[in-house]
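Reader: Please take one part of this model and look at it closely, and then carry the account onward from there to the other parts that deserve a careful reading. I would rather have one connected description than a list of separate remarks.

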Amino acid sequence: MRRFAIAALLVTIPSTAFAQQAPVHQYGALALSPKGDRTASIETVAPTHSAIVVRRVADGGIAQTIDVCSTCSYGGPTFASDGRIAFVTRKPDEPRALVMVADAGGARQVAAIDGIAQAPRFSPDGKRLALLATFGAAKEAGATQAGVRQVGEIGETSDEQRLAIVDLAAGTVKPLSPADRYIYEYDWTPDGRGFVVTSALGNGDNNWWVATLDAVDATTGTVRTIAKPTTQLNMPRVSPDGRTVAYIGGLMSDFGAIGGDVWTVPIAGGVPVNRTAGAKATVTSIDWTQGGLRAVRLRSDAAEIATLDPLGKTTVTWSRPASFAAGDGRVAYSADGRTMATAVQDFTHAPAIYAGPIAAPRQITYDNDALASGVTARSVTWRSDGFDVQGWLLAPKTADPARKAAMVTIVHGGPSSASTPSYIAGGSGPAALLDAGYYVFMPNPRGSFGQGEAFTAANRRDFGGGDLRDILAGIDAVETIAPVDDARLGLTGGSYGGFMSMWANTQTNRFKAIVAGAGLSNWISYYGTNGIDQWMIPFFGKSAYDDPEAYRAVSAISFIKRAKTPTFIYVGERDIEVPPTQSIEYWHALKELGVPTSLVIYPDEGHAIRAPANAADVRKRSIAWFDRYLKAQ
């Protein structure tokens, strides 16, 4: 299941802490030039518009703003070795992507694609541009997007994302990879004669979990399999000498929610070798530079920048309890690997670009420094069934430590993911809860990233077992350090967090109000109706048809008569990851059993509720539900 930002969907209500807060300046898709002297990112330039802003690393000053259209959206800025910047742009509601290249003199269109495009990258010689293109796309790329309507003959056709080459001199676009193969990620080989990709035949939304590591010839498009890993894989990166491929491999529940160990394999083919086996940390990003293999890791509550030697020894060069973000990984590096850039934020500090030497980056932007924080945040650790578990406790700055308060626990999606520090801005879910006087707890139970691969894999075939025990033990730990009223506990989450919310209702009466977004109530019926059933095999071991009891045993419907907690449920009409039938089935059962419940299905929405009016409605209903059942009488 996809990560699901339930926290972002809760309501904002007037308050002294957040209502007067200025908008947060964003730094999206951050890239660093090969020389390490400039950054490019998609930044806020107006309340409802962003553009590509180029900055000097030396002082953070703006060197250039690239904005070809006042209504355009931008994606994928990337540098060539000579300093040119390529990017893609689209106008609202237009099924056409424009490929642009900018230099000091401005931007020019080099190609147009009838469909969607992303991830442009210059060839090593700078004469060509590769990108991922979906020609004639029927939907936006990604399983979290609203699916096509299931009418007519279904399942016979699907969008295919292909590698394409733009000849910059001729202005032509050539689809390169085969039409029946979905390309998820790619990296140029240093000689420019080919690519290393992760790919799968057939439906791209469903088949990433069985993707292989492949080579694609840059002239013919011929595909050759390098390896068929036993784990899911992300971020293939070719060594500077062109002989070896590194990738992140592990038990992952979603494409794009990256976490695992670092594996390497000869580009000629072979058996992958785990270079970080047994590490008590999760690698979330890698890049292979002239200076070595760089990695970003999540270790408990801290993000770390590290270097891996050829034998897998890890040397951490910079670490802090924060979140890092860049366009092609969590950190962008110069060609020699000595300079880095990343957008850094935590719960009380809004995003800022940090750049400089990998062991001592410095803050170079200050657009958000004046933003205040209305929250206190602390990392909480506890023991559960022999595991070290970590989570985050947020409290209003104005909280009275002598007065008991209600608390809402937010369970992240995944399950292979983690709640990590993110600035609490006005308009966000945690801000709404904090403004309403709630404490907020964000646990990272077993199955999460941050404690190593064994911890991530610990809830395999145990959904709702050890992970729920970890969450309940975490609440116990919080209650020893904060004035939380155990009689006024709420629970919420989306996707996997939605499942946990539905499931917990059948396992404990500790929570007095629940909000479940895009949740799963019946793993048997889910298996037969969702659009991404391949994700379950690594976690359950077998299909629902080969081992139905394993699926029934963790289905809330199997224990529905135990459910007593009032539950608000919402889901998107065209959600292909967790179809609305799962919410209907759960709602129907609660309704028949007399448990207070409400269900809203939002038209034309996918796995995330994106339309502003619909999101506002979710937010309003969620806070109202918690207020109804958790406010002190």
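Author: Leaving out residues up to four places away in sequence, Ala 279 touches Gln 451, Gly 452 and Glu 453, and since this is a predicted model, that description applies to computed coordinates. The residue sits in the loop that runs between β20 (273-274) and β21 (282-289). Its relative accessible area is 23%, and because buried would require a value under 20% and exposed a value over 50%, Ala 279 counts as partly exposed. As a distance for orientation, its C-alpha atom is separated by 34 Å from that of Thr 365, a residue 86 places away along the chain.

The loop of Ala 279 leads to β21, and the surroundings of this strand can be described in turn. Six of the eight residues of β21 are buried, so the strand is largely enclosed by the rest of the structure. Its partner is strand β22 (residues 292-299), with which it pairs in the antiparallel sense over seven bridges. Within that pairing, Thr 282 stands opposite Leu 298, and the two strands form a hairpin with two residues between them.

Antiparallel pairing also appears elsewhere, in an open sheet of four strands whose order is β5-β6-β7-β8. The edge strands of this sheet are β5 (73-79) and β8 (106-113), each of which pairs on one side only. Neighbouring strands of the sheet are turned against each other by 25° on average, with direction ignored. Inside the sheet, β6 (residues 85-90) and β7 (residues 97-103) are joined in the antiparallel sense over five bridges, and the bridge partner of Ala 86 is Val 101 in β7. When reading along such elements, it may help to recall that in a regular strand the side chains alternate between the two faces of the sheet.

Two residues call for a check of their backbone angles. Ala 119, in strand β9 (residues 115-122), has a positive phi of about 55° although it is not a glycine. Its relative accessible area is 25%, which places Ala 119 in the partly exposed class. Ser 495 likewise is not a glycine and has a positive phi, of about 65°, but it lies in the loop between β34 (484-494) and α5 (496-504). Ser 495 counts as buried because its relative accessibility is 0%.

The helix that follows this loop, α5, packs with α4 (residues 466-479) at an angle of about 80°, and their axes are 11 Å apart. Since an angle from 65 to 115 degrees counts as roughly perpendicular, α4 is roughly perpendicular to α5. On the side of α4 the contact is made by Asp 467, Leu 468 and Ile 471, and on the side of α5 by Tyr 496, Met 500, Trp 503 and Ala 504. These residues divide into six nonpolar, no polar and one charged.

In soluble globular proteins, nonpolar side chains tend to be buried together. The largest nonpolar core of this model has 65 residues, and those with the most contacts inside it are Met 407, Phe 463, Trp 523, Trp 535 and Phe 540. Helix α4 gives the most to this core, with seven residues. Phe 463, once its neighbours within four places in sequence are left aside, is in contact with Pro 415, Tyr 496, Phe 499, Trp 523, Trp 535, Phe 539, Phe 540 and Val 554. A second, separate core has 29 residues, including Ile 410, Leu 433, Val 515 and Tyr 602.

Among the contacts of Phe 463, Pro 415 deserves a remark of its own, as the peptide bond that joins Gly 414 to Pro 415 is cis, with omega near 20°. Pro 415 is found in the loop between β32 (405-411) and α2 (429-435).

A further loop residue closes the account. Thr 565 lies between α8 (548-552) and β36 (567-572), and its relative accessible area of 3% makes it buried, because that value is under 20%. With neighbours within four places in sequence left aside, the residues in contact with Thr 565 are Asn 505, Phe 511, Lys 512, Ala 513, Ile 514, Val 595 and Pro 596. Set beside this buried loop residue, Ala 279, with which the account began, is a partly exposed one.

Methods:
Residues numbered from 1 in each chain as written. Predicted model: local features only at pLDDT ≥ 70, side-chain atom pairs only at ≥ 80, totals over all residues. Heavy atoms only, no water. Buried < 20%, exposed > 50% of the residue type's maximum accessible area, 1.4 Å probe, protein only. Contact = heavy atoms within 4.5 Å. Pairing = 2+ DSSP bridges. Axes fitted to C-alpha atoms, helices over the stretch in contact; angles between N-to-C directions. Parallel < 35°, antiparallel > 145°, perpendicular 65-115°, else oblique. Nonpolar A, V, L, I, M, F, W, Y, C, P; charged D, E, K, R; others polar. Core = buried A, V, L, I, M, F, W, Y, C linked by side-chain atoms within 4.5 Å.
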